[in-house]
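Colleague: I should be grateful for a close look at one part of this model, with an account of how that part relates to the rest of the chain. Please set out the argument in connected steps, from the local picture to the wider one.

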Amino acid sequence: DTRRPEGEESGGAASAPRASDAIPGTDDLLSLLVLLVAKARPRHAVSLAEYVDGFHALVGGGHEGELGFALANFLGAIQYIRSDAMLEVLEEWKVEE
């Protein structure tokens with residue numbers, strides 16, 4: 001079979017995907033979420049996250065599926081933002097609270 005996948009050029013060796021073509025994965029999500037939440041500075045983020053976590057655990061049958069994944073990442077982002085490591089980053093970047 002000489003057919004090539006759509007978008008692949010004919011002739012020559014196959015080239016590796018460029019960094020600009022890479023699709024962000026789940027490993028990139030938490031870093032992006034930390035930046036977004038830190039930039040947004042939501043009011044009462046910790047209490048909101050704890051409320052949603054408790055409600056989801058009661059109604060949703062545990063931390064399963066997409067909602068559980070999103071909630072775990074949101075809670076992780078909030079915990080990191082409140083950590084000493086984040087304060088060090090803010091000091092290094094000279095960002096005022």
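**Helix 2 and its surroundings**

Modeller: V52 has a relative accessible area of 34%, and is therefore classed as partly exposed. All of what follows concerns a predicted model. V52 belongs to helix 2, which covers residues 45-59. The residue also takes part in a nonpolar surface patch of about 670 Å², together with L48, Y51, F55, L58 and V59. A place in such a patch requires over 30% relative accessible area, and the 34% of V52 satisfies this requirement. V52 has a further partner, since L71 counts V52 among its contacts beyond four places in sequence.

The next residue to consider is D53, which is likewise placed in helix 2. D53 is buried, and yet it forms no salt bridge. The nearest side chain of opposite charge is that of R82, 12 Å away. A salt bridge would need a side-chain nitrogen of Lys or Arg within 4 Å of a carboxyl oxygen, so the 12 Å to R82 does not qualify. Once residues up to four places away in sequence are set aside, D53 touches H63, L71 and L75. Two of these partners, L71 and L75, are also listed in the largest nonpolar core.

That core has 11 residues in all: L33, V34, V37, A45, A49, L71, L75, A77, I78, M86 and L90. Two or more residues are given to it by each of helix 1 (26-40), helix 2, helix 3 (65-81) and helix 4 (84-92). Helix 3 supplies the largest share, namely four residues.

Within helix 2, A45 is a member of this core that can be followed in detail. A45 is placed in helix 2 and has a relative accessible area of 12%. Buried means under 20% relative accessible area, which is why A45 is classed as buried. Beyond its neighbours within four places in sequence, A45 is in contact with F74 and I78. I78 is itself a core residue. The C-alpha atoms of A45 and F74 are 9.6 Å from each other, although 29 residues separate the two along the chain.

From the side of helix 3, the residue to examine is L71. L71 lies in helix 3, and its relative accessible area of 6% makes it buried. With neighbours up to four places away left aside, L71 is in contact with A49, V52, D53, H56 and H63. Among these partners, A49 belongs to the core, V52 to the surface patch, and D53 is the buried residue without a salt bridge. L71 thus returns the discussion to the residues with which it began. The C-alpha atoms of L71 and E50 lie 9.8 Å apart, with their positions 21 residues apart in the chain.

F69 gives another view of helix 3, where it is placed. Its relative accessible area is 41%, so F69 is partly exposed. Apart from residues up to four places away in sequence, F69 touches T26 and L29. The C-alpha atoms of F69 and T26 are separated by 10.0 Å, while the residues are 43 apart along the chain.

Two residues of the loop between helix 1 and helix 2 also deserve attention. R41, in that loop, has a positive phi of about 45° although it is not a glycine. At 52% relative accessibility, R41 is exposed. H44 is placed in the loop between helix 1 and helix 2 as well. H44 is not a glycine either, and its phi is positive at about 60°. With 57% relative accessibility, H44 counts as exposed.

The whole chain provides the setting for these details. Its secondary structure consists of four helices and zero strands, running α-α-α-α from the N terminus. Of the 97 residues, 15% are buried. Among contacts between residues at least 6 apart in sequence, 61% join residues at least 24 apart. The chain exposes about 8300 Å², and carbon and sulfur atoms supply 57% of this area.

Methods:
Residues numbered from 1 in each chain as written. Predicted model: local features only at pLDDT ≥ 70, side-chain atom pairs only at ≥ 80, totals over all residues. Heavy atoms only, no water. Patch = residues over 30% accessible without salt bridge, like charges linked within 9 Å, V, L, I, M, F, W, Y side chains within 5 Å. Areas by Shrake-Rupley, 256 points an atom, 1.4 Å probe, with all protein chains shown as cover. Buried < 20%, exposed > 50% of the residue type's maximum accessible area, 1.4 Å probe, protein only. Lys, Arg positive; Asp, Glu negative; His and termini not counted. Contact = heavy atoms within 4.5 Å. Core = buried A, V, L, I, M, F, W, Y, C linked by side-chain atoms within 4.5 Å.
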